[in-house]
Every structure is written in C-alpha cells, then in structure tokens.
Amino acid sequence: MHTTAAGGANVSPQEIARFDSLAARWWDPDGESRPLHDLNPVRTAWVAARLDLRGARVADVGCGGGLLSEALAAAGARVTAIDLGEKVIDIARLHLHESGLSVDYRVQSSAKLAAAEPAGFDAVCCMELIEHVPDPAALVHDLAAMLRPGGQLFMSTLNRTPAAFGAAILGAEYVMRMLPRGTHHYAQFLKPSELARLLRHAGLELEEVRGLGYNPLNRKAWLSRFTAVNYLLSARRTGTPCDRKPA
Ligand code: SAH
C-alpha cells in the first residue's frame, strides 16, 4: 500500500520505515549500506567529470544518510539534500559534525522542494531512489522542475532484467544477505528506455547511460557498457516540463 493522489505524497511509508530502520548504521561501510559505500566514489567521480562542482547548487533527492551529499559537498558543491526518512536525515546531520562539511539537509518531499525552489538548481542527483517511489513519472517531473534551464540531472537505478533480478534481489538479499529482504521490488525497476521516456515528457534531454558494475566479493565498482543491472543516467533540462504526465 502506498499514498499517492489521495495523500498527495508520492511515497510508500513502508519504504521510508525500512530505510529509517537502517539509519544508525548508514555510515558503517560494513553495514547494510555497504554497496552504497562501495559505489559512491565511482558515481561521484562520474558526476564530477560532467559538472564543475565548485560552487554549483546541487539538490540530492532521496539522500539517505548523506553518502553522496557529503561527497558532492567535499568537491565544493552547495548541496541541499532531502529525504522523507526523519531518522536518516538525523543521521546525515549528525555526520556533518564528524566530517566538518556543510549540507542543507531537510525532511522534505521532491514536490515540496520543486515548488519552493523552481529552477533553483544547477544540477539534481537522484540515486537509488526512483525504484522505491509509487509514481516515478511524478518524481521525474519534480526533478525537472528543480533544474534551471540547461541544468543537469544525474540518476542511478536498477534495470528490469533477469540479470538485475539475479544480482540485486536473489544475490544481494537472499544469497549474500547483504541487503535486507524486501529492499527491492522487481516490478518497480525501470528500463533505461522507460526512464528516458519519462525524462522526455518532463522536458529533459537524455545525454548518457552508463553501466555501473559492482563485485560484492571484492567490493570493487566501475563504470561499464553493461547496463543490465545498475546504471547511471544523465540528462539536461532543455525544455519546460509539460503539465501532463505520460499515460
Ligand atoms: N540516494 C542515497 C540513498 C539511497 S537509499 C544514496 O544513493 O546513497 C533510498 C533513499 O530514498 C532512502 O533514504 C529512503 O528513505 C528514500 N526514499 C524512499 N522513498 C522516498 C520518497 N518517496 N521520497 C523521498 N525519499 C524517499
């Protein structure tokens, strides 16, 4: 069950509760967020190679405990980071005392941030979130609305393929027990072509799709041409988000 039109929020409360339950261990590189720790340097470098982060205003949507938000801030970006999990945001704020970095963390929905700061950001990052929201098209619209014209969107998510089912669900949740069972729902995974369609409808132009490789055994991550499991995607706001969502 999730709240959509009725409650006005594009969020599944169970998803938020699941991530909040992991909050205390978010910064433990050997805890449940371990894959995110391992992927973080590669995805941060990928963003940094496409955008001069120094002084850039960046929104990190669905920031969790702040692994990417802090990495972006460390590279000189002015980061506003939002999540609907109160506990993950508490942990993200606490960690700033340890890192000495500065990030504007908020418990806020993407819709609220988009309404509060339309076209307010040079770039928006939304990593490992879209597969957890009830209405991905609405999320993409919010992300587009936050971007200034010419601004860049950076996303990462899981493809809907047998390989992704094997790696992200069977492998990570059942065989290796690296992620809690129920972390991912196969039917909610999006193919790059499906995500590209949502982007187009939101006035965004697809620039790049890259595979994000990961070996949980040696904990190495790398960019690749293999997009069948996890992939990174970048797009640019060229148009105005249209009012109507794709059917
Ligand atoms: N982007 C971070 C965290 C990914 S985990 C990273 O890649 O390191 C997914 C996060 O999305 C969790 O923190 C969860 O609380 C958050 N989340 C899930 N549904 C959400 C929604 N509808 N709106 C905002 N955040 C959401």
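Colleague: At what angle do the axes of helix 2 and helix 3 cross?

Modeller: The model is predicted: local features need pLDDT (the predictor's confidence in each residue, from 0 to 100) of at least 70, side-chain atom pairs count only at pLDDT 80 or more, and totals for chains, interfaces and linings use all residues. Residues are numbered from 1 along each chain as its sequence is written, and side-chain values use heavy atoms, without hydrogens and water. Helices (H or I, at least four residues) and strands (E, at least two) are DSSP runs numbered from the N terminus, and axes are lines fitted to C-alpha atoms, for helices over the stretch in contact, with angles from 0 to 180 degrees between N-to-C directions. The axes of helix 2 (residues 34-48) and helix 3 (residues 67-74) come within 10 Å, and the crossing angle is roughly 40°.

Colleague: What are helix 2 and helix 3 to each other at that angle?

Modeller: Angles under 35 degrees count as roughly parallel, over 145 as roughly antiparallel, 65 to 115 as roughly perpendicular and the rest as oblique. Helix 2 and helix 3 are therefore oblique.

Colleague: How many nonpolar residues does the contact of helix 2 with helix 3 have?

Modeller: Contact means heavy atoms within 4.5 Å; Leu36, His37, Asn40, Arg43, Thr44 and Val47 of helix 2 touch Leu67, Leu68, Ala71 and Leu72 of helix 3. Ala, Val, Leu, Ile, Met, Phe, Trp, Tyr, Cys and Pro count as nonpolar, Asp, Glu, Lys and Arg as charged, and the others, Gly among them, as polar. One residue of this contact is charged and three are polar, while the nonpolar residues number six.

Colleague: How far apart are the axes of helix 6 and helix 8?

Modeller: Pro136, Ala137, Val140 and His141 in helix 6 meet Leu195, Leu198, Leu199 and His201 in helix 8. Helix 6 and helix 8 (residues 192-201) pack at about 50°, and the distance between their axes is 9 Å.

Colleague: Which strands are the edge strands of the open sheet?

Modeller: The eight strands follow the order 3-2-1-4-5-8-6-7, with mixed pairing; two strands pair if DSSP finds at least two bridges between them. Those that pair on one side only are strand 3 (104-107) and strand 7 (220-224).

Colleague: Which residue in strand 4 stands opposite aspartate 60?

Modeller: Strand 1 (residues 57-61) and strand 4 (residues 121-127) pair in the parallel sense over three bridges. Opposite aspartate 60 in strand 4 stands cysteine 125.

Colleague: Which element of the protein chain has the highest mean pLDDT?

Modeller: The chain averages a pLDDT of 93, although residues 1-7 stay under 50. Among the elements, helix 7 (residues 162-175) has the lowest mean, 88, and the highest, 99, belongs to strand 1.
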